Amino acid sequence: SYFVGAVAGTIFLAVSIIVAVLAGAFKFNGIFANIDVKMVSMMALCFVFQGAMEEVLCRGVVQQLLIKKASVPVTLGVTAALFTIPHLGNMAGGSPAIIVVAIVNLVLISLIFSLLTIRFKSIWAACGLHSAWNYILYSILGLNLSGKDERVNAVFDMSSSGSNILNGADYGIEASIITTVVLAVGAGILIVFFEDKLKDAKKK
């Protein structure tokens with residue numbers, strides 16, 4: 001299930017980036033000549049732990065405690081709120097439109113994490129998606145991760161074309177309206193396919 005989540009995260013991010021590039025929101029400048037292979041490899045391990053730590057807290061602890069006492073919608077809503085709040089500080093200085101889209105995207109990705117956790121009855125798939133998304137975005141593509149725009153060691157040389165709602169401005173692709181559509185479609189598909197699992201979770 002970990003690798004199922006990782007593949008899903010890769011697909012979600014790839015579709016968002018490809019559409020954004022085709023829309024002119026990002027530029028692909030090629031591959032870096034001097035790639036720090038050691039650092040890029042080390043970051044993979046770091047993001048495995050980073051993604052897992054967030055999922056243990058939100059889906060492994062909070063969601064599992066709430067779902068025993070509250071309805072599924074309430075559980076997913078509270079979990080999404082707790083997941084979103086720590087990211088708000090990185091949105092300072094952004095336009096109202098960018099902030100709204102970033103929050104919506106955080107809620108959507110949290111919903112996807114939660115649905116995967118319910119479907120697989122573990123947090124492994126959510127961990128895989130979370131870590132793959134962050135690692136590819138930050139260490140492979142070298143783009144902003146949740147508003148963090150410091151220079152990184154990456155494989156591909158990509159950059160934003162201007163500052164707008166298509167590329168998420170300073171916050172990055174995670175505040176892009178394109179990502180909103182991709183995540184909304186992904187969440188919708190999961191809800192349809194996991195409908196029986198959600199009903200079971202609600203009964204329990």
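Trainee: Which element gives the most to the nonpolar patch?
Mentor: This is a predicted model: local features need pLDDT of at least 70, side-chain atom pairs count only at pLDDT 80 or more, and totals for chains, interfaces and linings use all residues. Residues are numbered from 1 along each chain as its sequence is written, and side-chain values use heavy atoms, without hydrogens or water. With three residues, the top giver (helices are DSSP runs of H or I, at least four residues, numbered from the N terminus) is H3.

Trainee: How much accessible area does the nonpolar patch have together?
Mentor: The patch joins nonpolar side chains within 5 Å, each residue over 30% relative accessible area (Shrake-Rupley, 1.4 Å probe) and free of salt bridges (Lys or Arg side-chain nitrogen within 4 Å of an Asp or Glu carboxyl oxygen). Its members are Val-74, Val-78, Leu-82, Ile-85, Leu-88, Ile-103 and Val-107. Helices H3 (72-84) and H4 (96-120) each give two or more of them. Together they have about 520 Å².

Trainee: Why does Leu-88 count as partly exposed?
Mentor: Leu-88 lies in the loop between H3 and H4. Buried is under 20%, exposed over 50%, partly exposed in between. Leu-88 falls in between because its relative accessibility is 37%.

Trainee: Which side chain makes a polar contact with the side chain of Arg-59?
Mentor: Arg-59 is in helix H2, residues 37-66. It is buried, at 0% relative accessible area. At 2.7 Å, its polar contact (N or O atoms within 3.5 Å, one able to donate a hydrogen, the other to accept it) is with Glu-55.

Trainee: How many of the 17 residues of H5 are buried?
Mentor: H5 covers residues 124-140. This helix is mostly covered. Its buried residues number 16.

Notes:
Patches are made of residues with over 30% relative accessible area and no salt bridge: like charges are joined within 9 Å, nonpolar side chains (Val, Leu, Ile, Met, Phe, Trp, Tyr) within 5 Å. Buried means under 20% relative accessible area, exposed over 50%, partly exposed in between (1.4 Å probe, protein chains only). The expected span of a helix is 1.5 Å times one less than its number of residues.
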